[in-house]
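Reader: I would like a close look at one small part of this protein, and then at what else the model holds. Please keep it brisk.

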Amino acid sequence: MFDGPVELRDPNSLVDSFAKTFCKFHSDSPSRAVFVTRDDTSHFGACSSVTVDKVCLTLGAISPRLTSGPDNIPCLLLAKCARVLSVPLCTIINCALRCGTFPVAWKRAKLTPVFKSGDPSSISNYRPIARLCNFSKVLEKIVYEILFCAFIPVADANQHGFLKGKSTVTNLIVFCQFLSESLSVVNQVDVVYTDFSKAFDRVGHAILCSKVNSLELPHSVKLLVQDYLTGRSHSVHYNGFNSFSFIPSSGVPQGSNLGPLLFAIFINDIGLKATYTC
């Protein structure tokens with residue numbers, strides 16, 4: 001494989017080159033948006049507690065065929081031992097929800113390079129998929145439900161991505177209906193297609209947190225989302241070799257439960273901004 005013109009023969013050099021490439025995907029651009037602080041009392045307080053039965057149900061729903069995360073704990077063990085593991089896990093999750101702190105051990109992720117397009121021998125044509133701790137995914141699913149309920153009332157009706165009940169199919173149905181109605185009255189329709197470059201990797205943390213802070217959420221949940229995004233540790237795992245670790249300066253983890261919803265929150269006002277620009 002090649003990193004530009006340089007051929008990579010050593011496996012350690014290969015994973016480190018992948019890590020350097022993926023690290024460049026993230027944005028370092030400054031933002032004027034501010035993070036929520038722990039002494040901010042202008043919002044709701046702590047989040048309601050989660051029951052052991054809720055945690056057990058979430059654990060049991062994990063597919064045993066999923067790969068293990070950085071902790072190397074098999075998913076099969078989580079599914080089969082859900083009743084036993086749910087008791088201590090419930091304590092940890094309730095502590096995280098109450099304090100607004102995401103466990104540091106659950107912030108580690110192994111990145112798997114996945115070929116996207118172009119020349120498969122060039123590492124620049126690969127994108128990272130994060131393998132997270134499966135205990136982290138349990139907490140993410142619980143936070144997802146809280147965030148989703150707060151976001152849906154303010155979600156843009158034109159947003160069809162990463163939302164339950166909507167998809168590319170519903171988007172095409174709405175577009176075709178609009179196109180048909182416009183052509184029936186002999187109106188001109190101009191269509192512009194755009195794409196985000198490294199969309200998930202370049203989500204600004206400060207801007208995203210300011211948008212999460214605008215939702216009607218418990219203060220501790222806002223702190224938890226903020227803590228979830230920052231201070232994460234990523235390393236590339238490929239063919240049994242591990243790269244150096246780095247802390248992403250932006251983005252949401254690809255392969256996470258929260259990532260798609262957080263991205264939807266991040267771009268929710270893009271239609272309004274487009275209208276103002278026009």
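Where is the place of Asn 72?

Author: A caution comes before the answer. This is a predicted model.

Asn 72 sits in the loop between α2 and α3. Its backbone stands out. Phi of Asn 72 is near 60°. That is a positive value in a residue other than glycine. Most residues other than glycine have a negative phi. Is Asn 72 buried or exposed? The cut-off for exposed is over 50% relative accessible area. Asn 72 has 51% relative accessibility, so it counts as exposed.

Asn 239 also has a positive phi, of about 55°, although it is not a glycine. Asn 239 lies in the loop between β5 (233-238) and β6 (241-242). With 64% relative accessibility, Asn 239 counts as exposed. A glycine gives another positive value: Gly 231, just after α8, has a phi of about 70°.

Now look at α8 itself. Eleven of its eleven residues are buried, so α8 is largely enclosed by the rest of the structure. The buried residues include nonpolar names such as Val 221, Leu 223 and Leu 224. They also include His 219, Lys 222, Gln 226 and Asp 227. What covers them? The cover of the buried residues of α8 includes α4, α5, α7 and α9.

Those helices lead to the core. In soluble globular proteins, nonpolar side chains tend to be buried together. Here the largest nonpolar core has 49 residues. Val 55, Ile 93, Leu 97, Leu 147, Leu 208 and Leu 262 touch the most other members. Several elements give two or more residues to this core: α2 (52-60), α3 (75-80), α4 (82-99), α5 (134-151), α7 (205-213), α8 (219-229) and α9 (259-266). So the helices on either side of the loop of Asn 72, α2 and α3, are on that list. The largest share, ten residues, comes from α5.

Take Leu 208 as an example. Leave out residues up to four places away in sequence, and Leu 208 touches Val 203, Leu 229, Val 252, Leu 262, Ile 265 and Phe 266. A second, separate core has 14 residues, including Ala 19, Ile 123, Leu 132 and Phe 246.

Next, the aromatic rings. The structure holds 14 aromatic pairs. In one of them, the ring centres of Phe 162 and Phe 263 are 6.0 Å apart, and the planes stand at 85°, so the pair is edge-to-face. This pair links distant parts of the chain. Phe 162 is in the loop between α5 and α6, and Phe 263 is in helix α9, 101 residues apart. The partners differ in exposure. Phe 162 is partly exposed, with a relative accessible area of 40%. Phe 263 is buried, with a relative accessible area of 6%. Elsewhere, one aromatic cluster is formed by Phe 18, Phe 22, Phe 25, Phe 115, Tyr 126 and Tyr 238.

Finally, the empty spaces. The largest pocket holds about 1,800 Å³ of space. Of the 43 residues that line this pocket, Asn 158, Asn 171, Val 192, Thr 194 and Phe 196 are the closest to its centre. The elements that give two or more residues to this lining are β4 (126-132), α6 (168-184) and α10 (270-277). α6 gives the most, with six residues. The lining has 19 nonpolar, 17 polar and seven charged residues.

The second largest pocket holds about 180 Å³. It is lined by 14 residues, and those nearest its centre are Phe 196, Lys 211, Phe 266, Ile 267 and Ile 270. Phe 266 is also among the residues that Leu 208 touches. α7, α9 and α10 each supply at least two residues of the lining of this pocket. By class, the lining divides into eight nonpolar, one polar and five charged residues.

There is also closed space. The structure holds one cavity of 30 Å³ or more. The largest cavity has about 120 Å³ of space. It is lined by 16 residues, with His 26, Asp 201, His 234, Val 252 and Pro 253 nearest its centre. Val 252 is another residue that Leu 208 touches. The cavity lining has eight nonpolar, six polar and two charged residues.

Definitions and conventions. Residues numbered from 1 in each chain as written. Predicted model: local features only at pLDDT ≥ 70, side-chain atom pairs only at ≥ 80, totals over all residues. Heavy atoms only, no water. Core = buried A, V, L, I, M, F, W, Y, C linked by side-chain atoms within 4.5 Å. Buried < 20%, exposed > 50% of the residue type's maximum accessible area, 1.4 Å probe, protein only. Helix = DSSP H or I, 4+ residues; strand = E, 2+ residues; numbered from the N terminus. Contact = heavy atoms within 4.5 Å. 1 Å grid on protein atoms, 1.4 Å probe; cavity = no way out; pocket = protein on both sides within 12 Å on 5 of 7 lines; lining within 4 Å. Points joined across faces, edges and corners; volume = space filled by probe spheres on them. Nonpolar A, V, L, I, M, F, W, Y, C, P; charged D, E, K, R; others polar. Phe/Tyr/Trp six-rings, centres within 6.5 Å; stacked < 30°, edge-to-face > 60°.
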